[in-house]
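This report goes through one protein model, from its overall make-up to a metal site and a few single residues.

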Amino acid sequence: MKKILLFVLLLPVYSTLGQDGEDELINPKDLIPDIVIDLKYSTSDHMFLNLPEGDILLPKFYTANECLLLSKAVKMLKIAQDSLRNIREFNGKQYPNGIGVKIWDGYRPRSVQYLFWEIYPNSTYIANPETGSKHNRGGAIDLTLIDLATGLELQMPTLFDDFSTKASHSYTGYLPSEVLYNRALLKSIMSEVAGLLIYDAEWWHYEIPGASNYPLLDFQMK
Ligand SMILES: [Zn+2]
C-alpha cells in the first residue's frame, strides 16, 4: 500500500521530465543564432556586490560567457525572439532590423548560489541555495531587449541586479513613459506570447512554468 502511494506522489514530478529532451540543457544560440549572450557573472561588469559599499573588486563567478538553459526555456525564448524580430516601429521609434533579446543570466551553478547567499541573504532577490534557485535548474532567464540594428539596450527601469523597489513590476513611483512602454513590451512578449512567467520583484527575470521540478545542477561553464 505504501509503495503505491509513493508512486502516485512522485508521478507529477517525473511526468514533467524526460519529454522530448526538455530536461536537457542547451545553448540558446543553437536555436536562436542572433540572440545576444552577455553573462554578467562571467565578467566584473555587474552590480551584484555593489551593496552597500561598492568599491571592491567584483569577482567573476562564471568561468565562461557560455549560456545554458533547459531546451524548453530556449524554445519559449525562440517564440519571443521570432516575434520581436518582426517589430519595425514601437512607441514612435524605428527598429530597422527589429528588436532582440540579450541574456544576462541563465543556468547558474548551485555552488555560485551559495556564494551569492553568503554575500546577500535576502530571499526577495536571491533564492536560498538549500532549496535552490530556478537558475540552478536552467529554468530561469535574466534578460533585456536590444535594438538589433545597433545592439543598444532599450531603456528599462533599472540596471540588472538593482535590488530596489524600482526593479519591481508593481513599482508605483515615477518612470519615464518610454521605460514603461519598453517594460510592458518585454512583459507581454515573454509572458503572453512566449508563455514564460514573470517575477514581480525583478523586471528582468522570467522562468518556465514548473521550473522547480527540474534537478538542481552544479557544474561550471566551459
Ligand atoms: Zn533571475
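The text below takes up the fold, the zinc site, the pocket and three further residues in turn.

**Overall make-up**

The model is a predicted one. Its secondary structure consists of 5 helices and 9 strands. Read from the N terminus, these elements follow the order α-β-α-β-β-α-β-β-β-α-β-α-β-β. The protein has 222 residues, and 45% of them are buried. Among contacts with a separation of 6 or more, 73% join residues that are 24 or more positions apart. The accessible surface amounts to about 11200 Å², and carbon and sulfur atoms hold 57% of that surface.

**The zinc site**

Which residues coordinate the zinc ion? The donors are H135 through NE2, D142 through OD and H205 through ND1, at 2.0 to 2.1 Å. Along the chain these donors are spaced as H-x6-D-x62-H. H135 has a relative accessibility of 3% and therefore counts as buried. D142 is also buried, with a relative accessible area of 2%. D142 falls within the residue range of strand β7, 140-147, and H205 falls within that of strand β9, residues 202-207.

**The largest pocket**

The largest pocket has a volume of about 350 Å³. It is lined by 25 residues, and those closest to its centre are Y125, I126, A127, S133 and H205. H205 is thus named twice here, once as a zinc donor and once among the residues closest to the pocket centre. Strand β9 supplies the largest share of the lining, with 4 residues. By type, the lining residues divide into 9 nonpolar, 9 polar and 7 charged.

**Three buried residues**

The table lists relative accessibility for three residues outside the zinc site.

| Residue | Location | Relative accessibility |
|---|---|---|
| S168 | loop between β7 and α5 | 12% |
| L185 | helix α5 | 8% |
| E22 | loop between α1 and β1 | 16% |

Why does S168 count as buried? Its relative accessibility is 12%, and the limit for a buried residue is under 20%. The loop that holds S168 runs between β7 (140-147) and α5 (177-193). Apart from neighbours within four places in sequence, S168 is in contact with R183, D200 and A201. R183 has a number inside the range of helix α5, 177-193.

L185 belongs to helix α5 itself. At 8% relative accessibility, L185 counts as buried. Which residues does L185 touch, not counting those up to four places away in sequence? They are L84, I87, F90, I99 and L145. L84 is 101 residues from L185 in sequence, while their C-alpha atoms are 9.2 Å apart in space. L145, another of the contacts of L185, has a number inside the range of strand β7, 140-147.

E22 sits in the loop between α1 (2-15) and β1 (25-26). With a relative accessible area of 16%, E22 is buried too. Beyond its neighbours within four places in sequence, E22 is in contact with L70, S71, K72, K75 and Y214. A73 is separated from E22 by 51 residues in sequence and by 8.4 Å in space, C-alpha to C-alpha.

Definitions and conventions: Residues are numbered from 1 along each chain as its sequence is written. This is a predicted model: local features need pLDDT of at least 70, side-chain atom pairs count only at pLDDT 80 or more; totals for chains, interfaces and linings use all residues. Side-chain values use heavy atoms; hydrogens and water are left out. On a 1 Å grid over the protein atoms alone, a cavity is a set of points where a 1.4 Å probe fits but cannot get out, and a pocket is an open set with protein on both sides within 12 Å along at least five of seven lines; lining residues have an atom within 4 Å of a point. Grid points are joined across faces, edges and corners, and a volume is the space filled by probe spheres set on the points. Helices (H or I, at least four residues) and strands (E, at least two) are DSSP runs, numbered from the N terminus. Ala, Val, Leu, Ile, Met, Phe, Trp, Tyr, Cys and Pro count as nonpolar, Asp, Glu, Lys and Arg as charged, and the others, Gly among them, as polar. Donors are N, O and S atoms within 2.8 Å of the metal (3.2 Å for Na, K and Ca); water is not among the atoms, so sites may look incomplete. Buried means under 20% relative accessible area, exposed over 50%, partly exposed in between (1.4 Å probe, protein chains only). Contact means heavy atoms within 4.5 Å. Accessible areas come from the Shrake-Rupley method with a 1.4 Å probe; for residues, only the protein chains shown count as cover.
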